[in-house]
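Q: Could you take a close look at one helix in this model for me, and walk me through what surrounds it? After that, feel free to wander outward to the rest of the fold.

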Amino acid sequence: MAIRYTLPNGLTVVFEEQHAAKVAAFQVWVKAGSADERPDQAGLAHLHEHMLFKGTERRGPGEIARDIEAHGGEINAWTSFDQTVYHIVIASQFARTGLDILGDAVRRSAFDKEELAREIEVVCEEIKRSYDSPSRRASRGLFTAAFQTHPYRLPVIGTEESVRSFTREKVLEFYHRHYTPKNLVLSVAGDLNEAELRQWVDEIFGGDWGRPYAGPVERPRDAAPTGRRVLIQTEDVKEAYLHLAFAIPELEHPDVPALDVLAMIAGQGNSSWLVREVKRRQHLVNDVHASAYTPKDPGIFSVSLTLPPEKAQKALTQTARVLEALRTTPVPLDELRAVQAVVEAESVYRKETVQGTARNLGSYQTSPGGLESEARYLEDIRNLKPEDLRRVAQKYLRLEHAVVTALVPPAAELTEGHVHAALDEAAKGPGLTPPERSAKQPPPEAPARPARSAVASARSEVVQEKLPSGATLIIRVEPHVPLFSMRAAFIGGARYETPEDNGITTLLSRTLTKGTTTLSADDISQLGDLYAGNVTGQGGRNSVSLKADFLSRYFEPGFRLFADVLVNPAFREEEVARERALLLQDILTREDKPSSMAFELFSRTLYQEHPYRLSLLGEKASVEALGPEQLRAYHRAHMDPSQMTLSVVGDVDVAQVRALANEYFGKSRGGAVAPKQVRPEAPPSAPRTEKKVLARAQTHLVMGFQAARMTDSWRVVLDVLSTVLSGQGGRLFIELRDKRSMAYSVSSFSMDGLDPGYFAVYMGTSPEKVDAAVEGMRRELQRIRDEPIPAAELERAKQHIIGAYEIDLQRNSARATLLALDTCYGIGLDNFLHYSERVAKVTAEDVREVARRVIDFDRMATAIVGP
């Protein structure tokens with residue numbers, strides 16, 4: 001149960017105890033974002049997000065991140081139009097330290113002049129990175145057109161020109177104006193007790209800050225829409241990005257619950273109207289999504305579409321026709337009930353982690369309605385009727401007031417006239433209602449389980465056993481949240497592919513959930529909604545798997561749906577053709593994601609024979625050749641129950657899991673083949689460099705080496721080595737971002753494989769900084785190879801890994817994934833049960849030995865993508 005209280009200085013505290021994991025989350029919500037800036041302050045709220053962790057009166061530059069990571073924690077921040085949020089997640093034994101660091105940063109930030117100059121350069125790199133993302137540019141176009149005078153029309157991050165104009169005095173003016181106790185909410189969740197927390201908060205946040213609150217900033221309001229607005233941008237992109245939007249009211253308006261549900265029915269999930277009609281039936285778009293954005297001030301209801309440019313006008317017409325149908329046709333009661341269940345389930349999923357709980361508390365408390373608005377909102381959702389949805393659709397989704405924006409390639413034939421013609425066409429005829437869904441009724445809810453004793457409520461040991469088929473079953477009971485997760489994993493993935501069938505893993509994982517011998521794709525989507533969860537396929541370099549999450553009260557029907565999808569996929573021709581076309585579109589638009597392209601180029605450079613060189617998406621020719629027969633053959637050969645590792649984690653009953661697993665997976669179906677023998681490839685005999693010229697604002701660099709197998713005992717040492725380099729307290733971040741302002745994104749990565757994987761470093765930087773970036777990255781790699789790591793730095797890295805491991809494993813889905821994949825790969829349960837102990841034993845000499853083993857500049861591969 002959440003508590004709330006206010007300090008004498010005006011700071012509000014919200015807190016909820018959670019003892020499922022030995023972790024605590026602290027968040028400071030500042031009720032000021034980019035919409036509270038004057039024109040000469042554009043980007044200043046976001047710059048504070050960068051600067052508050054750059055030093056205080058008590059802690060020097062870099063010390064905050066190092067302190068948090070040395071105590072096994074994670075620190076970060078985000079900025080929106082209405083808030084700026086600073087958050088720390090840390091092991092509860094170090095909670096006092098984490099809270100002290102957060103309070104120090106928010107209350108006593110130094111804003112050192114030299115640090116400010118360096119961080120301004122970093123933000124400018126972040127701005128350039130956003131230029132390379134078509135989806136971000138398209139979103140910016142939408143807000144520019146949808147808001148005429150309100151600050152929501154401006155980018156949160158600011159512009160290079162505005163950010164470079166900031167002085168320390170201008171930063172301090174904003175800081176003193178907004179970072180005052182009455183304008184802050186401290187949100188806390190986790191393994192703490194109330195009395196102790198109150199004492200800490202008084203000590204750290206109490207007293208007079210010397211910054212009286214001046215009240216909220218007045219924001220200009222937009223006039224009510226009187227006609228359509230159209231904005232078409234032409235740029236070098238491979239697909240078109242369209243938005244169709246309408247003005248809607250602010251967060252606290254009574255129509256918001258109905259608008260949220262309307263958006264979910266319109267375009268969220270595979271069973272939504274737009275996905276069923278415009279994407280799946282008419283094949284007009286690659287993706288479509290609807291949302292009701294309701295911030296502090298009036299927002300927008302928008303439909304976002306990505307699609308082939310030549311289909312833009314027709315897609316716009318058909319999308320508008322579906323929205324027209326929502327204005328004239330009552331939403332079927334069963335659809336409304338399913339969405340209401342999903343909203344309620346989402347409130348449970350949010351509280352699965354301490355940081356999710358803290359975010360939930362902070363979000364509601366900083367809203368005008370306060371903490372109580374969550375209960376009111378959920379009650380309003382439960383009380384909605386079909387006529388409520390039709391009423392808000394009629395009120396707000398008016399095509400004569402539509403805002404349409406588009407980002408299209410130069411060859412696209414889409415003008416403002418085409419947009420008006422498309423919407424006029426939609427307004428003429430009746431709305432377009434998707435085909436009726438199959439009649440799916442929610443299953444009867446399981447009877448309430450008897451209350452567990454205190455002992456039984458504790459986390460269980462891991463149960464592992466073999467089924468008669470040869471399948472491995474792993475169960476772990478985690479009763480603190482009424483959820484469960486499942487993952488079935490099989491050896492395979494891109495490692496089993498050839499250039500001729502490259503992409504089959506991805507196509508199979510996407511098609512697996514698109515119908516069984518008795519259920520259609522729509523049936524599966526609807527049942528997922530009814531059980532307040534989802535079933536999704538996933539393919540990687542070494543495996544293919546199926547995962548699911550459901551509320552525990554739907555355990556049996558959720559398990560049966562999961563098993564049916566896994567054992568009886570239909571791979572119908574029309575579904576395979578649809579997913580193949582979407583995959584081909586993803587392949588076509590790879591250039592719109594230059595950082596991903598850099599990693600693909602790096603893999604092709606490091607590996608020239610091994611399947612790890614192949615793209616996970618596949619190539620145009622190989623994917624075009626794939627059809628239902630190839631998918632069925634792969635499924636028969638590599639996804640038999642005898643080859644499966646199944647993990648089930650959460651609020652479940654072991655006997656029930658065992659019974660259902662034996663029912664569905666206890667027998668082999670025949671057809672399984674022996675594991676494929678893949679020959680490892682020798683590392684490069686000389687340095688290799690590949691470049692791809694791409695007209696973008698930034699250049700993306702990847703440099704790396706062949707490294708560990710998953711089963712290598714020294715793999716954990718490589719994790720420590722990578723952590724010394726990466727993270728906000730790591731060498732790459734401090735030397736190349738903090739000190740030299742060369743990049744916004746710089747990090748190191750380790751890709752483990754059943755065959756030798758890779759260790760690599762990455763940076764996105766301005767083209768004129770490439771030579772210096774290469775030199776800087778090489779120097780840090782050389783240092784870690786040649787020089788012993790100081791004891792404090794090594795300890796920071798190890799504690800950070802151990803803490804992050806505990807933080808990451810709060811979710812059932814994360815535990816289920818780790819248990820399934822580690823067992824599938826032959827690593828066993830040791831990694832799950834003893835990983836932290838193995839990290840703790842790593843020495844500086846171990847790290848230097850592995851660095852010398854891996855980092856060999858004569859065997860290095862380098863990939864460069866950019867201008």
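A: Let's start with helix H31, residues 844-854, where Val847, Arg848, Val850, Ala851 and Val854 are buried. Look down the axis of H31 and those buried residues fall within an arc of 165°, so they line one face of the helix. Flip to the other side of H31 and you find Glu849 and Arg853 exposed. Keep in mind that this is a predicted model.

What sits over that buried face? The cover on the buried residues of H31 includes two strands, E19 (699-706) and E21 (758-765), along with helices H25 (715-725), H27 (770-786) and H28 (791-808).

H25 is worth a stop of its own. This helix is mostly covered, with 11 of its 11 residues buried. The buried set in H25 isn't just greasy side chains: it includes Arg715, Asp719, Ser722 and Thr723 as well as Val716, Val717, Leu718 and Leu721. After H25 comes glycine 727, whose phi is positive, near 80°.

Now for the strands in that cover. E19 and E21 belong to an open sheet of five strands, ordered E18-E22-E19-E21-E20, with mixed pairing. Its edges are E18 (688-693) and E20 (743-751), each of which pairs on one side only. From one strand to the next, the twist averages 10°. At the E18 end, E18 runs parallel to E22 (residues 861-866), and six bridges hold the pair in register. To find your place there, look for threonine 689, which stands opposite threonine 862 in E22.

Moving outward, there's another sheet to look at. This one is also open and mixed, built from six strands in the order E1-E2-E6-E3-E5-E4. Strand E1 (3-6) and strand E4 (74-79) are the edge strands, each pairing on one side only. Neighbouring strands here are turned by 15° against each other on average, direction ignored.

E6 makes a good anchor for this sheet. On one flank, strand E3 (residues 23-30) runs antiparallel to E6 (residues 184-190), joined by seven bridges. There, alanine 25 stands opposite alanine 189 in E6, and phenylalanine 26 stands opposite valine 188. On the E2 flank, the pairing with E6 is parallel, over six bridges, and glutamate 16 stands opposite alanine 189. So alanine 189 of E6 has a partner listed in each pairing: alanine 25 and glutamate 16.

How enclosed is E6? Seven of its seven residues are buried, so E6 is largely enclosed by the rest of the structure. Leu184, Leu186, Val188 and Gly190 point one way from the strand, while Val185, Ser187 and Ala189 point the other way, and all are buried.

Helix H13 (residues 354-365) packs on this sheet, touching E1, E2 (12-17), E3, E4, E5 and E6, and its direction makes about 25° with that of E3.

Close by in sequence to E5, check serine 92, which lies in the loop between strand E5 (84-91) and helix H3 (95-108). Serine 92 is buried, with a relative accessible area of 14%. Its side chain and that of aspartate 191 are joined by a polar contact of 2.7 Å. Setting aside residues up to four places away in sequence, serine 92 touches Lys22, Val23, Ala24 and Asp191.

Next, the nonpolar cores. The largest has 61 residues, and the members that touch the most others are Leu242, Leu244, Phe301, Leu326, Leu389 and Leu423. Take leucine 389: beyond its neighbours within four places in sequence, it is in contact with Ala258, Val261, Leu262, Ile265, Val331, Leu336 and Leu384. Apart from that core lies another of 58 residues, with Tyr531, Val535, Val657 and Ala661 among them.

One last residue to click on is tyrosine 664, found in helix H24 (residues 654-665). Tyrosine 664 is partly exposed, with a relative accessible area of 25%. Leaving out residues up to four places away in sequence, tyrosine 664 touches Phe559, Arg560, Ala563 and Val567. With valine 567, the separation is 97 residues in sequence but 8.0 Å in space, C-alpha to C-alpha.

Technical notes. Residues numbered from 1 in each chain as written. Predicted model: local features only at pLDDT ≥ 70, side-chain atom pairs only at ≥ 80, totals over all residues. Heavy atoms only, no water. Core = buried A, V, L, I, M, F, W, Y, C linked by side-chain atoms within 4.5 Å. Buried < 20%, exposed > 50% of the residue type's maximum accessible area, 1.4 Å probe, protein only. Contact = heavy atoms within 4.5 Å. Helix = DSSP H or I, 4+ residues; strand = E, 2+ residues; numbered from the N terminus. Arc of directions from axis to C-beta. Polar contact = N/O pair within 3.5 Å; in protein donor to acceptor, adjacent residues only side chain to side chain. Pairing = 2+ DSSP bridges. Axes fitted to C-alpha atoms, helices over the stretch in contact; angles between N-to-C directions.
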